[in-house]
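Hi everyone, thanks for coming. I'd like to walk you through a structure that will be new to most of you, so please have a look at it while I talk.

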Amino acid sequence: MKPAGKLTLRFVSYFIIFYLLIISGFIMSLVFFAIFINDRVGDNIHVMSSFEIEDDAVVEKGESIKIADYLVKRAEENAGQLYLFDQSMTIVDYTGERCELCGMPDSEIFALKQPGMHTWELPKNYLLFLPISPVQPLFEEALDNWLATGAISEVTLQRLKEHKASVEIYDTEWNRTDIVGKRYEELKKPQLVEEKYDIFEHEELKQSTTLADDSTFVVRMPNPSYKPFEEPFNKAMILFVSIFFGGHIILLLGVIFLSISISRQFVRPLVYVISRIERLTQFDYSDISDKKIHHKKTGKLKRKF
């Protein structure tokens, strides 16, 4: 290849590398953003579509049919159970330790109206998600104690402490009259209104009922599945911007040093040649001993000259 062609190829390669570094920096920023978000935000099972899971939701091994492992994990993360039904409403498989719907007639299953229930239609089966609130067992146990004795037993109290839960009684004027377990800020009445079910967005889980004297019995506890989207998203955006602009600052410094290198490699010899031509135009034919362009040992011109 001719020297001019080599020089052109070198400059083109510089620009290609520069362009590739910009693209790779952007991709790396997106990868770090996705990893950060994925580790800190819950995988909401309610946004899952039938089309998304129809090919791999069910694992068939001979005559046995099982729910795929990734759905088992997803149901557990969302604090609930998945039930796999065939077209005759027979339960083929379920997740969790206990089958809550086994033995229930179809009419009772149809009548279920639990917040957060969700169904998906598959090619040969149907999938049902049944949320099981972590506060529900504590609520039922504490309520049984209260209705039977007007107090909370030591066993139930120990369970409340383990879950950092509390039992609270509010009178008809909504004054808190009794607290058993961990003390939290007093609830406002509208806070007991049922919201759209999203296990990851609620910092606290609550369940309540009205007693015979019209007072309100409440059990509340911290949500073990609390993974709000907004806070991790804001942190991830800061991380994305930091990596993006930090990478571009490093790239800018690299471009500056590369420009200096190119200047020393190509521009300086051209300036030297032009200066020699100017001397010749002034009829100056004297010899010049320039140590900057000759090797000290050999006396030959340096490579860039």
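**A quick tour**

Let's start with the whole chain: it has 305 residues, and 28% of them are buried. Buried here is under 20% relative accessible area, exposed is over 50%, and partly exposed is in between, with a 1.4 Å probe and protein chains only. Keep in mind that this is a predicted model, where local features need pLDDT of at least 70 and side-chain atom pairs count only at pLDDT 80 or more, while totals for chains, interfaces and linings use all residues. Residues are numbered from 1 along each chain as its sequence is written, and side-chain values use heavy atoms, with hydrogens and water left out.

On secondary structure, we have seven helices and ten strands. Those are DSSP runs, numbered from the N terminus: H or I of at least four residues for helices, E of at least two for strands. As for contacts, meaning heavy atoms within 4.5 Å, take the ones with a separation of 6 or more: 55% of them come from residues 24 or more positions apart.

Now, the cores. A nonpolar core is a set of buried Ala, Val, Leu, Ile, Met, Phe, Trp, Tyr and Cys residues joined through side-chain atoms within 4.5 Å. The largest one has 21 residues, and I152, L160, V167, F217 and V219 touch the most other members. Which elements give two or more residues to it? They are α5 (135–149), α6 (154–162), β7 (166–170) and β10 (216–222). The largest share, six residues, is from α5. Another core, of 13 residues, lies apart from that one, and I45, M48, A75 and L127 are among its members.

If you click on V219, you'll find contacts to V135, L138, F139 and A142, among others, leaving out residues up to four places away in sequence.

Next up, α6. Its T156, L157 and L160 are buried. Down the helix axis, the buried residues fall within an arc of 100°, so they line one face of the helix; that arc is taken from the directions from the axis to the C-beta atoms. As a reminder, an α-helix has 3.6 residues a turn, so residues three or four places apart point the same way. The buried residues of α6 pack against α5, β7 and β8 (176–181), while E154, V155, K161 and E162 are exposed on the other side. Just after α6, K164 has a positive phi of about 55°.

Over to the strands. β5 and β6 make a hairpin with four residues between them. Their pairing is antiparallel, over four bridges, and strands count as paired if DSSP finds at least two. T119 sits opposite L128 in β6.

The loop between β5 (118–121) and β6 (126–131) holds N125. Is N125 buried or exposed? It's buried, at 9% relative accessible area. The N125 side chain reaches the backbone oxygen of F85 at 3.4 Å. N125 also touches V58, L84, D86, V92 and W120, among the residues more than four places away in sequence.

Last stop: there is one disulfide, meaning a pair of cysteine sulfur atoms within 2.5 Å. It joins C99 to C102, S to S 1.9 Å, and the link is right-handed, with 90° about the S-S bond. C99 is buried at 14% relative accessible area, whereas C102 is partly exposed at 39%.

Technical notes: Polar contact = N/O pair within 3.5 Å; in protein donor to acceptor, adjacent residues only side chain to side chain.
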